[in-house]
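Reader: I would like to learn how to read a structure like this one. Please start with charged side chains, then move on to cavities and burial.

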Amino acid sequence: QDEQESKEEVENVEAEKINFKLMFNKQKLEIAWDPNKTIKTLKTHIQSLTGVGPGMQKLMFKENFVPTDDQTLSEAGIVNGSKLMLVGSKLTDVISVNAKSSTTAFAQEAKSAPKEPLSKQKPHEKVIKHGVPDDAMVAYKNGHENLPIPIHGMVNKHNNKVRLTFKLESDQLWIGTKDRTEKLSMNSIKQVVTEPIAGHEEYHMMALQLGPTEQSRYWIYWVPAQYVRSIKTMILGQWPKF
């Protein structure tokens, strides 16, 4: 009888857990966790799965970062079927990147001629010469904000209006124009290239790398600078390396 009661207790504990997905660096991790436990305890478990320490983890849920480690999963609104994204890097990766940056610093300083800004190159200059779109979003330099959904007031290489909508539940980025909406899988975007627009540094031009060559880049212009970091985080699933 004691054995049966013990088995039932275990089954009850298992039944109380919620099942959700965690996205990290293109991986999909299935996690079952007690909704009454805190985000802090969940981060400790996530460390055992990913190698990313709790102090270097940022958990994104419904396009926003989970605000506090003291919240329980229930208080954060995480339920069965929810999808979270882990933003963070392993300590060894950070050390490796810093070491690589140090070794390449001298080579970068040795370049005598500054590279011409992308915005001064053709065909980018042809698009930018039309000026800031009338419906462009308010932008500023040297700051970072979470993304409003969607982002609008931008244009593509044909100077057609563009809006970006992130669909985390389906791992997609929707690029909307007047004529159509293109639904891209996050996994199909290999890299995100950005650079401030000369003379309008509060805005960036941004390329989504969809293939192996520069010809496979989808260019977007007049992206507010304060959203660039969050866009890279959403797409790449990790803090961008500036």
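Author: A salt bridge is a side-chain nitrogen of Lys or Arg within 4 Å of a carboxyl oxygen of Asp or Glu. This is a predicted model, so local features need pLDDT of at least 70 and side-chain atom pairs count only at pLDDT 80 or more, while totals for chains, interfaces and linings use all residues. Residues are numbered from 1 along each chain as its sequence is written, and side-chain values use heavy atoms, with hydrogens and water left out.

Reader: How many salt bridges does a search of the whole structure find?

Author: Four. One of them joins the side chains of Lys28 and Asp171, at 3.5 Å from N to O. Lys28 sits in strand β2 (residues 27-33), and Asp171 in the loop between β7 (161-167) and β8 (172-176). The two are 143 residues apart, so this pair links distant parts of the chain.

Reader: How are the strands and helices defined?

Author: They are DSSP runs, numbered from the N terminus: helices are H or I with at least four residues, strands are E with at least two.

Reader: Which other side chain meets Asp171 in a salt bridge?

Author: That of Lys83, at 3.4 Å from N to O. Lys83 is in strand β5 and Asp171 in the β7-β8 loop, so the pair ties together parts that are 88 residues apart in sequence.

Reader: Is Asp171 buried or exposed?

Author: First the scale. Buried means under 20% relative accessible area, exposed means over 50%, and partly exposed is in between (1.4 Å probe, protein chains only). Asp171 has a relative accessible area of 14%, so it counts as buried. Lys83 is buried too.

Reader: Where do Lys161 and Asp135 fit in?

Author: Their side chains meet in a salt bridge at 3.4 Å, N to O. Lys161 lies in strand β7, and Asp135 in the loop between α4 (124-128) and β6 (151-156), so parts 26 residues apart in sequence are tied together. Lys161 is partly exposed at 44% relative accessible area. Asp135 is partly exposed as well, at 33%. As for networks, salt bridges that share partners join Lys28, Lys83 and Asp171 into one.

Reader: Now cavities. How do I read one?

Author: Take a 1 Å grid over the protein atoms alone. A cavity is a set of points where a 1.4 Å probe fits but cannot get out, and lining residues have an atom within 4 Å of a point. Grid points are joined across faces, edges and corners, and a volume is the space filled by probe spheres set on the points. This structure holds two cavities of 30 Å³ or more. The largest has a volume of about 130 Å³.

Reader: Which residues lie nearest the centre of the largest cavity?

Author: Met23, Lys26, Met85, Met186 and Ile235, out of 13 lining residues. β1 (18-24) and α5 (228-236) each supply at least two residues of that lining. The largest share, three residues, comes from α5. Domain bounds come from an automatic or database domain assignment. Domain 1 (18-92) and domain 2 (118-236) each give at least three residues to the lining.

Reader: What is the chemistry of that lining?

Author: Ala, Val, Leu, Ile, Met, Phe, Trp, Tyr, Cys and Pro count as nonpolar; Asp, Glu, Lys and Arg as charged; the others, Gly among them, as polar. The largest cavity has eight nonpolar, three polar and two charged lining residues.

Reader: What lines the second largest cavity?

Author: Met23, Met60, Lys83, Leu84, Met85, Leu168 and Asp171. Five are nonpolar, none polar and two charged. Strand β5 (residues 83-87) gives the most, with three residues. The space is about 40 Å³. Lys83 and Asp171 also form the salt bridge described earlier.

Reader: Why is α5 called largely enclosed by the rest of the structure?

Author: Because eight of its nine residues are buried. They include Val228, Ile231, Met234 and Leu236. After α5 comes Gly237, with a positive phi near 75°.

Reader: How do I read contacts?

Author: Contact means heavy atoms within 4.5 Å. Take Thr165 in strand β7. Thr165 is buried, with a relative accessible area of 15%. Leaving aside neighbours within four places in sequence, Thr165 is in contact with Ile149, Pro150, Gln172, Leu173 and Trp174.

Definitions and conventions
1 Å grid on protein atoms, 1.4 Å probe; cavity = no way out; pocket = protein on both sides within 12 Å on 5 of 7 lines; lining within 4 Å.
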